[in-house]
Amino acid sequence: MTLEQKIQNDIMVAVARHGCTVFRSNAGTVQTKFGTVIKLAPKGWPDITGFRHRDGKMILIEVKNETGKLREDQIKFQKFIKNKPVLYGVCRSVEDAIELIESN
């Protein structure tokens, strides 16, 4: 089974080579070693965020491995974003991501 981190990295490299700018996005909260709580993106936010150069369309990619399942907060986000004018998808491979960014 492939680690999601490897799939994420491979997708980010491939998508960048296909005319997009993307970055890894973290969601939820973290606590620093000094006790400060930092709020990140909302829970359920996808793993990769970016845009397609040719038209500026936003890209949101939730990365899962071969057997990975969406958590409840990710399902809620998926329902929310479904009819918005962005490229959103659950991708399990580079091929899935390339297909997503080449759509619409």
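User: Why is Lys84 said to lie over the face of Phe80?

Analyst: Lys84 sits 4.4 Å from the ring centre of Phe80. A charge counts as over a ring if NZ of Lys or CZ of Arg is within 6 Å of the centre and within 35 degrees of the ring normal, so Lys84 qualifies. Before we go on: this is a predicted model, in which local features need pLDDT of at least 70 and side-chain atom pairs count only at pLDDT 80 or more, while totals for chains, interfaces and linings use all residues. Residues are numbered from 1 along each chain as its sequence is written, and side-chain values use heavy atoms, with hydrogens and water left out.

User: Which residues make up the ring cluster, and what makes it one?

Analyst: Trp45, Phe77, Phe80 and Tyr88 are joined by ring pairs. Rings of Phe, Tyr and Trp (its six-membered ring) pair if their centres lie within 6.5 Å. Searching the whole structure turns up three such aromatic pairs.

User: Now the helices. Which residues of helix H2 are called buried?

Analyst: They are Asp73, Gln74, Phe77 and Ile81; each has under 20% relative accessible area, the cut-off for buried (exposed is over 50%, partly exposed in between, with a 1.4 Å probe and protein chains only). Helices here are DSSP runs of H or I with at least four residues, strands are runs of E with at least two, and both are numbered from the N terminus.

User: Why do you say that the buried residues of H2 line one face?

Analyst: Seen down the H2 axis, their directions fall within an arc of 100 degrees, so they share one face of the helix. The arc is taken from the directions that lead from the helix axis to the C-beta atoms. Glu72, Lys76 and Lys79 are exposed on the other side of H2. A rule of helix geometry helps here: an α-helix has 3.6 residues a turn, so residues three or four places apart point the same way.

User: What covers the buried residues of H2?

Analyst: The cover includes E5 and E6, where contact means heavy atoms within 4.5 Å. H2 (residues 72–81) lies across these two strands, at about 145 degrees to E6. Such angles run from 0 to 180 degrees between N-to-C directions, with axes fitted to C-alpha atoms, for helices over the stretch in contact.

User: What makes H3 a helix with a buried face?

Analyst: In H3 (residues 94–102), the buried residues are Ala97, Ile98, Leu100 and Ile101. Viewed along the axis of H3, they fit within an arc of 160 degrees, so they line one face. Glu95, Glu99 and Glu102 are exposed on the other side of H3. Among the elements covering its buried residues are helix H1 (4–17) and strand E1 (20–24).

User: Why is Val13 called partly exposed?

Analyst: Its relative accessibility is 42%, which lies between the two cut-offs, so Val13 counts as partly exposed. Val13 belongs to helix H1.

User: And how do you know that Lys69 is exposed?

Analyst: The relative accessible area of Lys69 is 69%, so it counts as exposed. Lys69 is in the loop between E5 and H2. Apart from neighbours within four places in sequence, Lys69 is in contact with Lys64 and Gln74.

User: How are the strands of the sheet ordered, and what makes E1 and E6 its edges?

Analyst: The open sheet has four strands in the order E1-E4-E5-E6, with mixed pairing. E1 and E6 are edge strands, since each pairs on one side only. From one strand to the next, the twist averages 20 degrees.

User: How do you know that E4 and E5 pair?

Analyst: Two strands pair if DSSP finds at least two bridges between them, and E4 and E5 have four, in the antiparallel sense. One of the bridge partnerships is Phe51 with Met58 in E5; Gly50 is likewise partnered by Ile59. E4 and E5 form a hairpin with five residues between them, and Gly56 in the turn has a positive phi of about 75 degrees.

User: What joins E5 to E6?

Analyst: Five bridges do, and the two strands run parallel. Ile61 stands opposite Gly89 in E6, and Ile59 opposite Leu87.

User: What makes E5 a mostly covered strand?

Analyst: Five of the six residues of E5 are buried. E6 is mostly covered too, with four of its five residues buried.

Conventions
Rings of Phe, Tyr and Trp (its six-membered ring) pair if their centres lie within 6.5 Å; planes under 30 degrees apart count as stacked, over 60 as edge-to-face and the rest as tilted.
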